[in-house]
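Let's take a walk through a protein model together. Have a look at the sequence and the structure, then read on.

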Amino acid sequence: MKFFIYSRKSVFTGKGESIENQIEMCRQYILTKFPDTAERDITIYEDEGFSAKNIQRPQFQQMLKDLRVDKPDYVVCYRLDRVSRSVSDFSLLIEELNRRGISFICMKEEFDTSKPMGKAMMYIASVFAQLERETIAERVRDNMLMLARTGRWLGGTTPTGYTSEKHVELFLDGKRKISCKLKENPEELRVVDKIFDSYLELHSLSGVCNRLTAHGIKTRSGSPYSPSGVKEILQNPVYCTADEAAFDFFTARHADVCFERKGGKGCGLLAYNKRDYTKKQAPRRPIDKWIVAAGLHRGRIPGRQWVSVQQILESNRPAVHTPPSVHSRYSLLSGLIVCGECGSRMFAKHRSLPSEGHTEAFDYVCSLKLHGGKSRCCGQNICGQQADSMLWDSLINEVKGDAGIVPLLEKVKRSLSKTEAVDPLEKIQSDRKRCGMEMDRLIRTLALQVPGSTLARRIEGRLHELEQELSKLDKAHRQLKENRWPDSCGPAKFSETLSSLGNLSAELTLPEKQAFVRLVVRKILWKEGTFTVFFNC
């Protein structure tokens with residue numbers, strides 16, 4: 001008989017449930033229950049430092065791959081929550097094990113899915129494991145928000161101008177409470193002052209970056225300041241004094257303000273709940289979701305001045321969101337050319353503002369030179385119209401005739417297939433099937449519950465979530481089918497259309513030319529007055 005042992009630990013706690021102890025207890029359990037088992041029949045998988053909120057863990061995923069190839073008789077774990085605290089993830093695992101005839105043993109709770117009662121009890125226990133995880137997460141979140149109202153620094157990367165310092169509080173009963181507060185870094189704070197003063201003078205993020213670079217001022221990491229980095233500093237309330245102007249600003253925007261209008265005593269502000277860390281890249285939440293409290297550090301920028309900066313930033317923001325590559329409206333190769341001196345991308349830049357009726361001349365300029373000043377890169381600029389014309393003619397010669405375009409498109413197709421191993425339509429179909437199977441299981445379980453019970457309500461909530469997910473998948477499926485090219489539009493058919501591309505060049509719009517260039521070209525290197533084209537192959 002073959003056995004897989006799975007063990008997991010979020011962090012080391014010293015409670016006797018370390019990875020090694022889990023494995024050893026599972027091994028002893030197997031050898032006791034199945035005396036004829038040899039060591040070579042036991043395979044061990046261990047994930048240390050991973051949460052049970054999902055199953056995206058390296059060794060767990062490896063175990064799933066292995067059991068599909070080398071089918072074991074049993075998968076053994078020390079405790080149920082070592083596998084997952086999510087009901088849906090746990091249900092999918094058990095369903096797969098059942099399909100493959102693999103039994104699951106949970107040693108601590110003494111569940112064995114090879115027996116009907118063990119299978120039923122395991123599903124019930126997984127519901128409470130998920131409830132425990134969500135309750136702990138909610139309790140931690142509420143506790144953090146309560147601590148935030150006291151003005152403490154709750155950890156993380158400290159803002160420019162400050163370091164974190166431990167703060168000890170002594171109580172009458174002799175107890176000590178340790179918290180953290182921000183400690184000033186005078187050298188960095190002088191840079192912060194210069195950023196605020198420069199922006200109030202220039203009203204330009206790039207202008208501030210150029211001024212800092214000209215004075216040799218860099219970030220903590222030693223790199224030049226970027227417009228986004230400067231903006232992050234300007235928008236951070238940590239530098240703002242807790243005064244009347246600040247109180248009125250945040251109150252008007254419906255933030256949860258935790259300081260008095262006239263009682264800030266020169267303290268700086270700390271804003272909590274600013275970012276949504278449940279989402280990728282942790283986007284900023286709107287101000288009405290923030291908790292703003294007076295911190296234990298001194299304010300640096302008067303509230304009136306800080307509010308003025310926010311108003312300028314707001315007025316400089318475009319009324320309508322525009323794509324980041326607005327220069328692509330008049331250039332063919334913007335962003336595709338790479339500077340051979342520093343390796344940065346080169347973007348189109350007008351020599352002067354375009355006037356109505358015609359397009360002004362433009363150049364391709366290294367982005368490091370654009371944002372960091374001439375001292376940052378000595379790469380040569382390129383005449384935009386000349387470069388576009390020369391590269392387009394070169395590509396036309398490349399794709400003339402079947403011999404040119406078909407091999408090229410085949411290489412592109414192979415290159416794309418390496419990055420898109422799974423067909424998006426097949427992935428959606430698989431997800432729809434998964435949702436349907438889970439809904440069927442939940443409906444069968446719900447039929448056995450007492451109406452209105454806690455478990456019944458949780459099942460109903462999960463069913464509602466699955467219905468919404470299924471609706472989104474159906475919409476995505478329709479859009480994919482509508483946007484997918486017909487099978488007849490293969491490389492050979494495409495080459496037939498492109499064989500006369502040179503003759504049609506004058507009739508093509510700039511976006512059509514851009515689409516073709518980006519289909520076949522990965523990047524263009526500009527070095528010492530020479531272009532080198534790298535194709536998508």
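## Cysteines that don't pair up

C77 is tucked away: its relative accessible area is 1%, so it counts as buried. Keep in mind that you're looking at a predicted model. How far is the sulfur of C77 from the closest cysteine sulfur? That closest sulfur belongs to C106 and sits 4.0 Å away, too far for a bond, because a disulfide needs the two sulfur atoms within 2.5 Å.

Zoom out to the whole structure and the disulfide count is zero. Another cysteine to click on is C435, which is buried too, with a relative accessibility of 0%.

## The helix around C435

C435 is one of the buried residues of helix α13. The others on that list are L425, I428, D431, E438, M439, R441 and L442. Here's a handy bit of background: an α-helix has 3.6 residues a turn, so residues three or four places apart point the same way.

Does the length of α13 add up, or is something off? Helix α13 covers residues 424–446, which makes 23 residues, and at 1.5 Å a residue these should span 33 Å. The C-alpha atoms at its ends are 33 Å apart, so the two values agree.

## Rings that meet

Now for the aromatics: the whole structure has 15 aromatic pairs. Take F3 and Y74, whose ring centres are 5.5 Å apart; their planes are at 10°, so this pair is stacked. F3 belongs to strand β1 (residues 3–9) and Y74 to strand β3 (residues 74–77), so the pair ties together parts that are 71 residues apart in sequence. Both partners are buried: F3 has a relative accessible area of 0%, and Y74 has 13%.

Elsewhere, F249, F250, W290 and W306 make up one aromatic cluster. W290 also has a lysine for company, as K274 lies over its face, 5.9 Å from the ring centre. You can find a similar setup at F534, where K523 lies over the face of the ring at 5.0 Å from its centre.

## How far to trust it

The average pLDDT of the protein is 78, and 74% of the residues score at least 70. Over residues 354–358, though, pLDDT is below 50, and this stretch has two contacts in the model beyond near neighbours in sequence.

Residues 415–421 also stay under 50, and the model gives them one contact beyond four places in sequence. Where pLDDT is low, the predicted coordinates should not be read in detail.

Conventions. Residues are numbered from 1 along each chain as its sequence is written. This is a predicted model: local features need pLDDT of at least 70, side-chain atom pairs count only at pLDDT 80 or more; totals for chains, interfaces and linings use all residues. Side-chain values use heavy atoms; hydrogens and water are left out. pLDDT is the predictor's confidence in each residue, from 0 to 100. Contact means heavy atoms within 4.5 Å. Buried means under 20% relative accessible area, exposed over 50%, partly exposed in between (1.4 Å probe, protein chains only). Rings of Phe, Tyr and Trp (its six-membered ring) pair if their centres lie within 6.5 Å; planes under 30 degrees apart count as stacked, over 60 as edge-to-face and the rest as tilted. Helices (H or I, at least four residues) and strands (E, at least two) are DSSP runs, numbered from the N terminus. A charge sits over a ring if NZ of Lys or CZ of Arg is within 6 Å of the ring centre and within 35 degrees of the ring normal. The expected span of a helix is 1.5 Å times one less than its number of residues.
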